[in-house]
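Here is a set of short questions and answers on one model. Look through the structure before reading on.

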Protein chains: 2
Amino acid sequence: MARVAGVSLATASRVVSKSSYRVSDATRRKVESAVAELDYSPSALARALATRRSRLLGIVVGDITDPYFSEIARGVEDVARANGYLSIVCNTDRTASTELRYVEMLRDYHAAAVIFAGGGREDDRDRAALEHAVRQLEDRGTRVIALIPRDFPALGVGIDNRAACADLARHLIALGHRRIAYIDGPPGLTTSRLRMEGFRDTLAAAGLTPFAVFPGNYDYESGLEVAARIARDVLPDAVLASHDATAVGVLTGLQEFGIRVPDRLSVAGMGGLREAGLLGLTTVQFPMRRLGIEAARLALAEGETGPEPIVLPHELIARRSTAPRLTTRQTAGPTDVEGIL
Amino acid sequence: MARVAGVSLATASRVVSKSSYRVSDATRRKVESAVAELDYSPSALARALATRRSRLLGIVVGDITDPYFSEIARGVEDVARANGYLSIVCNTDRTASTELRYVEMLRDYHAAAVIFAGGGREDDRDRAALEHAVRQLEDRGTRVIALIPRDFPALGVGIDNRAACADLARHLIALGHRRIAYIDGPPGLTTSRLRMEGFRDTLAAAGLTPFAVFPGNYDYESGLEVAARIARDVLPDAVLASHDATAVGVLTGLQEFGIRVPDRLSVAGMGGLREAGLLGLTTVQFPMRRLGIEAARLALAEGETGPEPIVLPHELIARRSTAPRLTTRQTAGPTDVEGIL
DNA sequence: CTGTTAGCGCGTTCAT
DNA sequence: ATGAACGCGCTAACAG
């Protein structure tokens, strides 16, 4: 193509790659017309090879199907696109080995940066291997960003899981509830631990002890099970689930037993899922998309940023699944119409 | 690295790239130990440049945040990973220009294949440009797969939008409903047209005419609006929404007006969203993940496949949002407990 | 301002 | 079975 333009490869490269080089308008025009004529487009691959810098951005998530992750990915992708980067999404299914494999592939493609969404596990046996792979990444010049908390050193951005759960607990206590049950997250996950700590500490500060702590898995089924158990046994004043999906499960399960929320007990979740809004579930909303955006900004930023992680604010959204304890409310009114649910 | 192995670059390449070449076990071992020692890994970029074939798979979606798309992406990614490919997801926001831009980037990276999820627009002014870009892709040897219907020629896989909507209409008619309203999808979308046709044709075949056809946008808000309109006016026997999100909007809106579903009227949606199950919404479930899987298989398949598109089956899931017309049902029973909704 | 040259890190002929 | 050389398409250094 440089040939049909009648110039040398170098000049052609200079105009095509928009390098801040001085090129006369005349030759520039010649090249441009040649480009148009040949329908030419430069090979990003070759460029990356020569530059040692690709414009590929890796984002490793647990499962893109999970609304949290897809929202994060969307945020990342938005700024990636704005900067001419392509986003590679990697589903790890929370499995260390596939996560590792992906990291290696991203390294082989000289990804400009990789963003680890999804928290780390605290019981990870492959941590050493991962840490090694991450180091390799950095050695090759790719930036690594982590949505904290993560089990390897990396600058990052995140949310305050502990504080969020604490806020929720305080909300429940403020409503007069004392016998508060908690549904834990998957064992070994850092976020599980943090949220649990937020719950326990807040209760302790109020001189309370948990009514019960049920195991959970950040999913719908966990909620159903808990609902069945408390329905057959003693009802707490409130149940705080460490995940919206679980809280929705509680709501559904309770309803099958004819136990009305919030009349008989309050229910709250965490995350800010669409379903939460739909069912009137009290929750804390996490700014997932912003999280992705900030992470991508960090990833693409030229200047080195300080090691202190950015912490984005969450928001407590009180809805009709939580209400003051021991209140006699009317069962009429627009917010309490019987639906098909 | 070939140096420390004590062999030539060629032999090293032969073992690293697993080429079906004859290499003696002795030298192979030498190379392998050198690889391990140096923590060496081949550059996928250089390989792609030399081979003229990358292991990058592009998947262009409307919005990864949309459960349909994320499910498709997941399916694609699953088979991509199994074959050692990386998946690049591109959010077009249903905008032709950004879709075009992405296609160009994917071409520059010599993507092995690109899968177009998300249907085409019928009013697309940039169709020519897109078609051109797609042709360029194919010229460079990248396969292009489309989740039909699409506005440019490509082999593909899809679902039968028309039949799905027809099934729903038949279901409603079989329940005895005659005055059936429809909520359309976004104008200009091929899927909108197809679904609408399925609805109209089925009604016509039964000697019925639509009670009303409301404009919609495949979203929640459209449903709310329709609910408000029919609540203040005459209630149809049933409303069929072209999208689950819209149907959920109808449900929510109706309930705010104290209109009980399915007592007063039936409601159905399309898609198979999680929320549909949660709220007991009758719908057709589309096998989105399978769609992605099949698309990826096509994309990665070596042999040429026939031009006839694969059509995956959908499934009508009748739930409690639809019921026979003019039936007096008791308002008790476990499926009809008043919830917080 | 523009042309020449030398890699980037691989795969792939050809010889040997 | 192995080694030498060339090319993939582009950028970067150095001349002119």
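## DNA contacts and a helix pair

Q: In this predicted model, what share of the atoms of DNA strand D within 4 Å of the protein belongs to sugar or phosphate?
A: The atoms of DNA strand D within 4 Å of the protein divide into sugar or phosphate on one side and bases on the other. The sugar or phosphate share is 66%.

Q: Which residues come nearest to DNA strand D?
A: The strand has 25 residues around it. Both protein chains supply residues to the nearest set. They are A:S13, A:Y40, A:R47, B:R14 and B:R52.

Q: How far is a phosphate oxygen of DNA strand D from an N or O atom in the side chain of A:Y40?
A: A:S13 also places a side-chain N or O atom by a phosphate oxygen of this strand, at 2.4 Å. A:S43 uses a backbone N or O atom instead, 3.0 Å from a phosphate oxygen. For the side chain of A:Y40, the distance is 2.3 Å.

Q: Which element gives the most to the surface near DNA strand D?
A: Elements giving two or more residues are α2 and α4 of chain A, together with α2 and α4 of chain B. The top contribution is 4 residues. It comes from α4(A).

Q: Which element gives the most to the surface near DNA strand C?
A: By class, this surface has 12 nonpolar, 9 polar and 5 charged residues. The leading element gives 4 of its residues. That element is α4(B).

Q: Which part of DNA strand C lies 2.8 Å from an N or O atom in the side chain of A:R14?
A: A:T11 has a polar side-chain atom 2.8 Å from a phosphate oxygen of the strand. The side chain of B:Y40 has an N or O atom 2.5 Å from a phosphate oxygen. For A:R14, the partner is a base nitrogen.

Q: Why is α5(A) oblique to α13(A)?
A: Helix α5 (residues 67-82) and helix α13 (residues 288-300) of chain A have axes that come within 7 Å. The axes cross at roughly 40°. Angles under 35 degrees count as roughly parallel, and 65 to 115 as roughly perpendicular. The crossing angle therefore makes α5(A) to α13(A) oblique.

Q: How many nonpolar residues are in the contact of α5(A) with α13(A)?
A: The contact includes A:I72, A:V76 and A:V79 of α5(A), and A:I293 and A:L300 of α13(A). Its residues also include 2 polar and 5 charged. The nonpolar count is 9.

Conventions
Residues numbered from 1 in each chain as written. Chains lettered and ligands numbered in written order. Predicted model: local features only at pLDDT ≥ 70, side-chain atom pairs only at ≥ 80, totals over all residues. Heavy atoms only, no water. Polar contact = N/O pair within 3.5 Å; in protein donor to acceptor, adjacent residues only side chain to side chain. Nonpolar A, V, L, I, M, F, W, Y, C, P; charged D, E, K, R; others polar. Axes fitted to C-alpha atoms, helices over the stretch in contact; angles between N-to-C directions. Parallel < 35°, antiparallel > 145°, perpendicular 65-115°, else oblique. Contact = heavy atoms within 4.5 Å. Near = heavy atom within 4 Å.
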